[in-house]
Amino acid sequence: MSQVDDIKSRLDVVDVISEYIQLKPAGVSFRALCPFHAEKSPSFIVSRERQLWHCFGCAEGGDMFSFVMKHENIDFPEALKILAQKAGVELVREDPKKLNQKNLLLAINDLTAKFWHKILLSSSQAEHAREYLRSRNISQESIEDYMIGFAPDSWDTTMKFLHERGFKPQDIFLAGLAIKKERGDGFYDRFRNRIIFPIRDSHGTCVGFGGRALGGGDEKSAKYINSPQTPIYNKSSIVFNLDNAKSAIKEKDLTIMVEGYMDVISSNQAGVKNVVAISGTAITQDHIRIVKRFSNNIAIAFDADEAGQKASFRGTDLILGADMNLKAISIPSGKDPDECIQKNPEDWRRATSAPEPFMEYMLNVTLKKYPSMGAEDKKNITTKLLPFIAKISNIVEQAHWLKKLSSVIDISDNVLREAMRGFLQKNNYSTHGAIEEKKQARALPKERSIQLEEMLLAIALKYPHYVPFIIDHCGPEYIKDTKLNALYKKLIIYYTKFIDHERSEEFQLNNFYDFLSGEDMSDENNHQKLSDTLILLAEKDYFDYDAIRIKEELQNIISFLYSYHLRLELQSIKRQLEEAEKLGDIEKIKELSKQFSRTTDEISLLSL
Ligand SMILES: [Zn+2]
């Protein structure tokens, strides 16, 4: 078995895709809003039975590998790695010399994380670091789960260690672990005398580090430093702790966003596990896209002072524009979640269990700040709140908050709307940025007749016990689309020649596929692919039909296709008649006239 087949046999496409988007069961298959094009009603179908997905809106489709590649925007080897890890399949090791740059840097990070972790656990140089973590109540379990480490107070310990393991200084530099000396050649360690938090992507791969300075020593050095931008670390798309938190996020259907590593770790220790952090940057579209995979609800923790100043910096406007449910958690005590938890973990658990809608929270905070209801305060209130309301992409929700603000400050909502428009123009903002960003990659609408031809074959393949009925009532000439016609003919040949009707053998899809695999390669691929897509189409459109409705549907489709076929015939006969009249071919005219009236009769019979 190939590695790909091995992985596929251990994983379920439904589970794999569920990690990225929310799937809803619909009959035997699952459906969702397509992540690859903007749509209002779901045309994205995942079939557990066929282990395939297909979007009938934009015509994208494939297996679990193609989904991961497309969704993560990565190439096949990377998707292979992700799915192999998930499946617990060990990929055949690559020769270190052949590692591409990206894998080389990942290997450096991986080794360094282990090195620093070991130093923290057992080296005498790390005594003050261990003491510090104890003073912050970081448990031994957390130290191990997060692989917290310690980078020694030295200019070259880490460089030397990696060099001894065969890594070149230039590569260590590229991994973001070394800094070029200002004078002369060479590099020195970037992280020195710092507690280290490995930063892992959503699959648990260490892509960078955050380092917290330990008290004393150099007063000028920053409290936190992170890995710089590297070929493997892009802070605009990394969400800290998502690898740990994703199952809790799905379970609670809520992502809680805090600011620091310590907040995340303390929250975990307090039993609130659906927590992630964005460090050193505002929330970006990439962050939103990533967290949206796991839940459409996101709550940001604010302390009372920062709500006004920091809310927009922290990217709330982007979240409002992404049509997610944005909520706010008011930190009950202390300046951050960590401080609150140190005082009383129960406060944090209570606060996170019932987050408020973000606009509700902003409204309350702002009204508290400007309580007089004089003209000045009303101006301040609207200046604070309208920019947020303007960003809400859902127009019903937007109207709701305008109305609410209008009644609270007693200014008509038309005036507020006008003020909001003025604000938008001044700032040249688009309220629907997130949606516009999606490519409008819609497939062209198909002709009705082709849609019905697809439906007919979809039913035949999904519910093969109708195949005899279909073959009896629908001639191959009724199917006009070339590809569908070719597939239908295959189906007829298979059914009439290869099924033992004497022994009332039934039509089996797998056997039909075996039959198709006897074709030459290009046909085989096309016919199997087309069949797979059609089966998913049937799962999408007929999942809630019972046998009687399917039979009715079939009869309707066939009679439409038949009458459509007759109309085309009639047109063709007309053309031939004109031709024959031009040539004065009397015999031909007679023959065609007969055909013409016969066909007209049939059509009028159909419309009875
Ligand atoms: Zn789509």
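Which residue in β5 does W53 stand opposite? In this predicted model, the partner of W53 is G62. Let's start from that pair and work outward.

The strand β4 covers residues 52-55, and two bridges join β4 to β5, with the two strands running antiparallel. Both belong to an open sheet of five strands, arranged in the order β1-β2-β3-β4-β5 with antiparallel pairing. In general, strands of a sheet pair through backbone hydrogen bonds, either parallel or antiparallel. At the edges of this sheet you will find β1 (24-26) and β5 (61-62), each of which pairs on one side only. Now look for helix α3, residues 64-72, which lies across β3 (44-47), β4 and β5. The helix runs at about 50° to β4.

Next, step back to take in the whole protein. There are four domains: domain 1 (3-87), domain 2 (96-233), domain 3 (248-436) and domain 4 (448-602). Taken over C-alpha atoms, the centres of domain 2 and domain 4 are separated by 65 Å.

Finally, let's visit the largest nonpolar core, which has 60 residues. The members that touch the most others are W116, L133, I148, L177 and W348. Helix α5 (residues 101-122) gives the most to this core, contributing nine residues. Domain 2 and domain 3 each supply at least three residues to the core. To see some of these surroundings, centre your view on W116: beyond its neighbours within four places in sequence, W116 is in contact with G149, F150, A151, P152, T158, L177, F191, I196 and F209.

How values were computed
Residues numbered from 1 in each chain as written. Predicted model: local features only at pLDDT ≥ 70, side-chain atom pairs only at ≥ 80, totals over all residues. Heavy atoms only, no water. Domains from an automatic or database assignment. Core = buried A, V, L, I, M, F, W, Y, C linked by side-chain atoms within 4.5 Å. Buried < 20%, exposed > 50% of the residue type's maximum accessible area, 1.4 Å probe, protein only. Helix = DSSP H or I, 4+ residues; strand = E, 2+ residues; numbered from the N terminus. Contact = heavy atoms within 4.5 Å. Pairing = 2+ DSSP bridges. Axes fitted to C-alpha atoms, helices over the stretch in contact; angles between N-to-C directions.
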